[in-house]
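Reader: Please take a close look at a single part of this structure, the packing of one pair of neighbouring elements and what surrounds it. I would like the cut-off behind each term as you go.

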Amino acid sequence: MNADPTPQQAADLLNQVEANQSQARSGDAWPLVTLLFVLSAGLSVGLMAIGIIDDNTTQLIIAGAGLSWIIPALVVYLAKALSWSRRSTALLLTWLGVIIVAFIAGVMADSFAAGGPIPFIAAGLLWVAAPVFSLLALRR
C-alpha cells in the first residue's frame, strides 16, 4: 500500500483546503457585517432624532436608545465571531472611530446651531459608509 499521494491528488487536496479556508473566512465575516449595520442604524436614528426634535430631553432619550444598540450588537458579534484576525480587528476599530466621530460631530453641530443639516449629513455618512466597510469585511 502506497501512502504517498500522486501530484494530482496533492494538488486536489490543496485546492480543497484553500476553498474551505476561503469559505470559512467569508462565513466569519458575516457577524462583523451585521455589527456594522446595526451600529450604523442605531446611531443614525439617534442623529436623525437630534436633527429633527427640538426638545433636549427627547433628543437624549432617542439618542440613548440608538446608542443602546451598541451593547447587544457587540455581545452578538463577540459570541458569533468564530475567529479573530488583525484585519477584522482593524476594520472594527476603524469603524468604531468613524461612527464616534460622526456622532460627536452631529451632536456638537446641533448644539451650536440647532436645526442645521450636520446631524442629517452625519447620519447619511453612516448609511453610505456601512456598506463600504461591510464589503471590506467580506473581502477578507
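Author: What follows begins with the whole chain and then turns to one pair of helices and some of the residues around it.

This is a predicted model, in which local features need pLDDT of at least 70 and side-chain atom pairs count only at pLDDT 80 or more, while totals for chains, interfaces and linings use all residues. Residues are numbered from 1 along each chain as its sequence is written, and side-chain values use heavy atoms, with hydrogens and water left out.

The protein chain holds 5 helices and 0 strands (helices are DSSP runs of H or I with at least four residues, strands are runs of E with at least two, and both are numbered from the N terminus), so that the order from the N terminus is α-α-α-α-α. Of its 140 residues, 31% count as buried, where buried means under 20% relative accessible area, exposed over 50%, and partly exposed in between, with a 1.4 Å probe and protein chains only. The chain exposes about 8,700 Å², of which carbon and sulfur atoms supply 71%; these areas come from the Shrake-Rupley method with a 1.4 Å probe, and for residues only the protein chains shown count as cover. Among contacts (heavy atoms within 4.5 Å) between residues at least 6 apart in sequence, 80% join residues at least 24 apart.

The part to look at closely is the pairing of α4 with α5. Two packed helices are described by the angle between their axes and the distance between the axes. Here helix α4 (residues 86-112) and helix α5 (residues 118-138) pack at an angle of about 175 degrees, with their axes 9 Å apart; the axes are lines fitted to C-alpha atoms over the stretch in contact, and angles run from 0 to 180 degrees between N-to-C directions. The two helices are therefore roughly antiparallel, given that angles over 145 degrees count as roughly antiparallel, under 35 as roughly parallel, 65 to 115 as roughly perpendicular and the rest as oblique. On the α4 side the contact includes L91, W95, V98, I99, A102 and D110, and on the α5 side it includes A122, L125, L126, A129 and F133.

A102, in helix α4, counts as buried because its relative accessibility is 5%. Leaving aside residues up to four places away in sequence, A102 touches A122, L125 and L126, and also L47. A102 lies 9.8 Å from G124, C-alpha to C-alpha, with their positions 22 residues apart in sequence. G124 itself belongs to helix α5 and is partly exposed, at 31% relative accessibility; its C-alpha is 7.5 Å from that of S44, although the two are 80 residues apart in sequence.

In the loop between the two helices sits G115, which is exposed with a relative accessible area of 57%. G115 and G51 are 64 residues apart in sequence and 6.0 Å apart in space, C-alpha to C-alpha.

D110 of α4, named above in the contact with α5, is also touched by Q59, as are A49, I50, I53 and D54, not counting residues up to four places away in sequence. Q59 lies in helix α2 (residues 56-67) and counts as buried, at 10% relative accessibility.

Elsewhere, I104 is found in α4 and is partly exposed, with a relative accessible area of 43%.
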